[in-house]
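Reader: Please take me through this structure and say on what grounds each term is applied.

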Number of protein chains: 2
Amino acid sequence: MKLSTRGRYGLKAMFDLALYYGEGPISLTNIAERQAISVNYLEQLISPLRKAGLVESVRGAQGGYMLSRTPGTITVGSILTTLEGPLAPTDCVVIDSGDDLCDQSGYCVTKVIYEKIYESITSVVNSITLQHMIDDYEQNQGQMIVHTICECK
Amino acid sequence: MKLSTRGRYGLKAMFDLALYYGEGPISLTNIAERQAISVNYLEQLISPLRKAGLVESVRGAQGGYMLSRTPGTITVGSILTTLEGPLAPTDCVVIDSGDDLCDQSGYCVTKVIYEKIYESITSVVNSITLQHMIDDYEQNQGQMIVHTICECK
DNA sequence: TTTAATCCCTAGTTGTTTACTAAGGAATCA
DNA sequence: TGATTCCTTAGTAAACAACTAGGGATTAAA
């Protein structure tokens, strides 16, 4: 039930971009240095985020990435699901998954539990935006640790 | 963010035991057949559940396993955490984990999010007991699928 | 117009984890 | 005594995670 580095790094990167929102494109090299992530790996994470329409890119020298919308309209849920897939404890609770998972026609005592878990996770991550994180960050900057965000595992 | 077969099979097995609560020891062979799990694998799952005090065993012929308490006092959370470890999206939110995860002394914008996810999952699974599952099962027996529980993936 | 910076894409690699299978010992009932 | 059952450990094949590597496309600046 752990998030992988894809989701964790991706969230860090998106928060980094949110801090520089409105200041033009930010290069991956910059983000990678600040957040202590390999540039090559970060490229693989930003790609789906761009395809999902969460960030926009500017190619060439002095290029980089920027949020495609205001931080207040980008949820943590949209970032995490883009990189991790649905935040569901099982595949069977995900609507658009293939039919070969289990017999979906009947009632299942365990499935209702997994659905409740899924709903509660979704509800939390969809209610938090990058703007919330920025507000949180600015309020607590005094006790902030060294990096922008710690290497949360 | 998926549960592994350990948690899913373990929950199925515990629900099976709950259905036979008060009827003496149930052999793993029985459970394995009903729930379509390999006996050898199931043995590896029941072992930690026994060590956690959730089930009791009777050795020898006509032996088996039974819940150590009433189904109403055994939560889904206790079963899943026994088999999967803490249901946390990251290690850093787990209190008793080693100190080498990240600098725990400072404030972290992402950690607070992971803590909220952790709390919401914990809250759901700790509020559901095996008795709830039995009640649910008996209420919906009409639309029940073939097996006791479907092969939820 | 060249160069450097940057995005963009794909393939390969290494280590870990998952999901088992297999096998044999210990206890107990018939 | 033998069948049945719990109990434990070791091994293994496949999938996955977390990268590394390399090269092509695009563009600003020198």
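The exchange below covers a salt bridge, the interface, a helix and a strand pair.

Author: This is a predicted model, in which local features need pLDDT of at least 70 and side-chain atom pairs count only at pLDDT 80 or more, while totals for chains, interfaces and linings use all residues. Residues are numbered from 1 along each chain as its sequence is written, chains are lettered from A in the order in which they are written, and side-chain values use heavy atoms, without hydrogens and water.

Reader: What makes A:Lys2 and B:Asp91 a salt bridge?

Author: The closest N and O atoms of A:Lys2 and B:Asp91 are 3.8 Å apart. A salt bridge needs a side-chain nitrogen of Lys or Arg within 4 Å of a carboxyl oxygen of Asp or Glu, so the pair qualifies. The count between chain A and chain B is 2 salt bridges.

Reader: How much area do chain A and chain B bury between them?

Author: About 4,400 Å², with 71% of it on carbon and sulfur atoms. Buried area is the accessible area (1.4 Å probe) that two parts lose on being put together, summed over both. The contact (heavy atoms within 4.5 Å) takes 47 residues from chain A and 46 residues from chain B.

Reader: How do you know that the buried residues of H6(A) are on the same side?

Author: In helix H6 (residues 130-139) of chain A, the buried residues (under 20% relative accessible area, 1.4 Å probe, protein chains only) are A:Leu130, A:Met133, A:Ile134, A:Asp136 and A:Tyr137. They cover an arc of only 165° around the axis, which puts them on the same side of H6(A). On the other side, A:Glu138 and A:Gln139 are exposed, that is, over 50%.

Reader: Why are S1(A) and S2(A) called paired?

Author: Two strands pair if DSSP finds at least two bridges between them. S1(A) and S2(A) have 4 bridges, in the antiparallel sense, so they meet the rule.

Methods:
Helix = DSSP H or I, 4+ residues; strand = E, 2+ residues; numbered from the N terminus. Arc of directions from axis to C-beta.
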